[in-house]
Amino acid sequence: MMGLLNRVHMLGVVVVFGVVAVVHGVAAQTMDPRFDTDGNLLRPEGYREWIYVGTPVTPNDMNGGKAAFPEFHNVYIHPDSWAHYKKTGTFRNGTILVKELVSVGSKAATSGLGYFMGEYIGLEATVKDAKRFPKEPGNWAYFSFTSGGSPMMSKEATHGGPLKDKATAFPTAACAACHQAAAAEDMVFTQYYPVLRAAKPKR
Ligand code: HEC
């Protein structure tokens, strides 16, 4: 009798653990990119737990006081797209990368003078999707969740206000053209992302 009770108890523990593991897995790995019925990209969630690939920095004070995308750009790729890239060295259909803008906080630390990260001030994204964006170069479309609009496009960009919940794809000339002309690999600036370069399979 005792043995049976113990076994039932154990089963309960296993089931509870299983459910917790599944719920946890879903929370960490969102289904991004997600779109609404009008084709707007919904703001990705949990991207700070995606794979971090690099941090370009274009400080305002080295760009006449106003960089196109100010300050630090922390770039992340979704874990599913990362797994595909590691295996094939290519960006799969459905790839999403985000760049989170971070202000320069301080310019001096006990380690020396430099640029040190301050506060989160904006969020931009790019998605590769052949079905949704058949006419875009490389099938990549570009989005901004930065409050007041992308700093590159809008004088009203407020930096640091609440992020937008959804975003409409920019016209090709606004973003894609420059990526197409200058990015090292399929419209993505891998020349600035050492994590991706190191992960690319050698041919
Ligand atoms: C004048 C050239 C230029 C234009 C125009 C441009 N970008 Fe970029 N973008 C870059 C460069 C260079 C990088 C990498 C270095 C950096 O972030 O400074 C980059 C990186 C990115 C990344 C990170 C992933 C990647 O592809 O490397 C995103 C997301 C992004 N840009 C979004 C946008 C959006 C949204 C727009 C339009 C509002 C835009 N970009 C317009 C030059 C440009």
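Helices and strands are taken here as DSSP runs, with at least four residues for a helix and at least two for a strand, and they are numbered from the N terminus. On this basis, the secondary structure of the chain, which is a predicted model, comes to four helices and eight strands. Read from the N terminus, these elements follow the order α-β-β-β-β-α-β-β-β-β-α-α. Of the 203 residues of the chain, 28% count as buried, and among the contacts with a separation of 6 or more, 52% are accounted for by residues 24 or more positions apart.

Helix H2, which spans residues 79-88, has Ser81, Trp82 and Tyr85 as its buried residues. When H2 is seen down its axis, these buried residues fall within an arc of 100°, and they therefore line one face of the helix. Lys87 and Thr88, by contrast, are exposed on the other side of H2. The cover over the buried residues of H2 includes strand S2 (51-54), strand S4 (71-77), strand S5 (96-109) and helix H4 (194-199). Just after H2, the backbone at Gly89 takes a positive phi of about 75°.

In soluble globular proteins, nonpolar side chains tend to be buried together. The largest nonpolar core in this model holds 30 residues, of which Tyr76, Leu97, Val98, Ala125, Tyr142 and Phe143 touch the most other members. Two or more residues of this core are given by each of S4, H2, S5, strand S6 (112-128) and strand S7 (140-144), and the element that gives the most is S7, with four residues. When residues up to four places away in sequence are not counted, Phe143 touches Leu41, Glu124, Ala125, Ala167 and Ala169. Apart from the largest core lies another core, made up of five residues, among them Phe72, Leu101, Val102 and Ile121.

The ligand is surrounded by 24 residues, of which Pro56, Tyr142, Cys175, Cys178 and Phe189 come nearest. Tyr142 thus appears both in this group and among the residues of the largest nonpolar core that touch the most other members. At least two residues of the shell around the ligand are supplied by each of S4, S5, S6, S7 and helix H3 (176-182). Sorted by class, the shell around the ligand consists of 16 nonpolar, six polar and two charged residues.

Key
Residues numbered from 1 in each chain as written. Predicted model: local features only at pLDDT ≥ 70, side-chain atom pairs only at ≥ 80, totals over all residues. Buried ≥ 20, exposed ≤ 12 C-beta atoms within 10 Å, placed from the backbone. Arc of directions from axis to C-beta. Contact = placed C-beta atoms within 7 Å. Core = buried A, V, L, I, M, F, W, Y, C linked by C-beta atoms within 7 Å. Near = placed C-beta within 6 Å. Nonpolar A, V, L, I, M, F, W, Y, C, P; charged D, E, K, R; others polar.
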